Amino acid sequence: MAGIRVNWNASLGPNLAGYNIYWGTSPGVYNGVGSPMDAGNPTILEKQISGLADNTTYYVAMTARNPTGVESAKTAEVSATTPNSVPAPPTGVVVVGVQ
């Protein structure tokens, strides 16, 4: 399984309680397992999204939220492709002897 790390600049709005991170595998469709994710403490400006499929493009957007859960508009969407975490098979295999 793969993951992506998201970081951002702090919101300047009043009453900031935290951030929500949305993601999915199609542009504008944020249906990833666990999406939206509460990014936690509003002073932490980075979050790891784990358990994602290998070699897959993910589209991510965020919101800021106030203490009652009201969210800002979503940010512009960004994307990243997860790496293939499974190694390639060996090449050049030959039999070097028989018994």
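These exercises walk through a predicted model, one feature at a time.

**Exercise 1. The largest pocket**

Find which residues lie nearest the centre of the largest pocket, and work out which strand gives the most to its lining.

*Solution.*
Step 1. Start with the volume: the largest pocket has about 170 Å³.
Step 2. Turn to the lining. It is made up of 17 residues. Nearest the centre lie W8, N9, M62, T63 and T75.
Step 3. Look for elements that supply two or more lining residues. These are β1 (2-7) and β5 (57-65).
Step 4. Pick the top contributor. β5 gives the most, with 5 residues.
Step 5. Sort the lining by class. There are 11 nonpolar residues, 6 polar ones and no charged ones.

**Exercise 2. The setting of β5**

Decide how enclosed β5 is, and name a bridge partner on β2 and another on β6.

*Solution.*
Step 1. Check burial. In β5, 8 of the 9 residues are buried, so the strand is largely enclosed by the rest of the structure.
Step 2. Take the pairing with β2 (residues 18-24). The two strands are antiparallel and share 7 bridges. In this pairing, G18 has R65 of β5 as its bridge partner.
Step 3. Take the pairing with β6. Here 4 bridges join the strands, again in the antiparallel sense. Y59 stands opposite S79 of β6.

**Exercise 3. The place of T82**

Is T82 buried or exposed, and which backbone atoms does its side chain reach?

*Solution.*
Step 1. Locate the residue. T82 sits in the segment after β6 (78-81).
Step 2. Apply the cut-off: buried means under 20% relative accessible area. T82 has 2% relative accessibility, so it counts as buried.
Step 3. Follow the side chain. One of its polar atoms lies 2.6 Å from the backbone oxygen of A53. The T82 side chain also reaches the backbone nitrogen of N55, at 3.1 Å.
Step 4. List the neighbours. Leaving out residues up to four places away in sequence, T82 touches A2, G3, I4, L52, A53, D54, N55, T56 and Y58.

**Exercise 4. Positive phi in two loops**

For N15 and N55, give the phi angle and say whether each residue is buried or exposed.

*Solution.*
Step 1. Begin with N15, in the loop between β1 and β2. Its phi is positive, about 60 degrees, although N15 is not a glycine.
Step 2. Test its exposure. The cut-off for exposed is over 50%. N15 has 58% relative accessibility, so it counts as exposed.
Step 3. Move to N55, in the loop between β4 (46-52) and β5. Phi of N55 is also positive, near 50 degrees, in a residue other than glycine.
Step 4. Repeat the test. N55 has 55% relative accessibility, so it counts as exposed.

Definitions and conventions:
Residues numbered from 1 in each chain as written. Predicted model: local features only at pLDDT ≥ 70, side-chain atom pairs only at ≥ 80, totals over all residues. Heavy atoms only, no water. 1 Å grid on protein atoms, 1.4 Å probe; cavity = no way out; pocket = protein on both sides within 12 Å on 5 of 7 lines; lining within 4 Å. Points joined across faces, edges and corners; volume = space filled by probe spheres on them. Nonpolar A, V, L, I, M, F, W, Y, C, P; charged D, E, K, R; others polar. Buried < 20%, exposed > 50% of the residue type's maximum accessible area, 1.4 Å probe, protein only. Polar contact = N/O pair within 3.5 Å; in protein donor to acceptor, adjacent residues only side chain to side chain. Contact = heavy atoms within 4.5 Å. Pairing = 2+ DSSP bridges.
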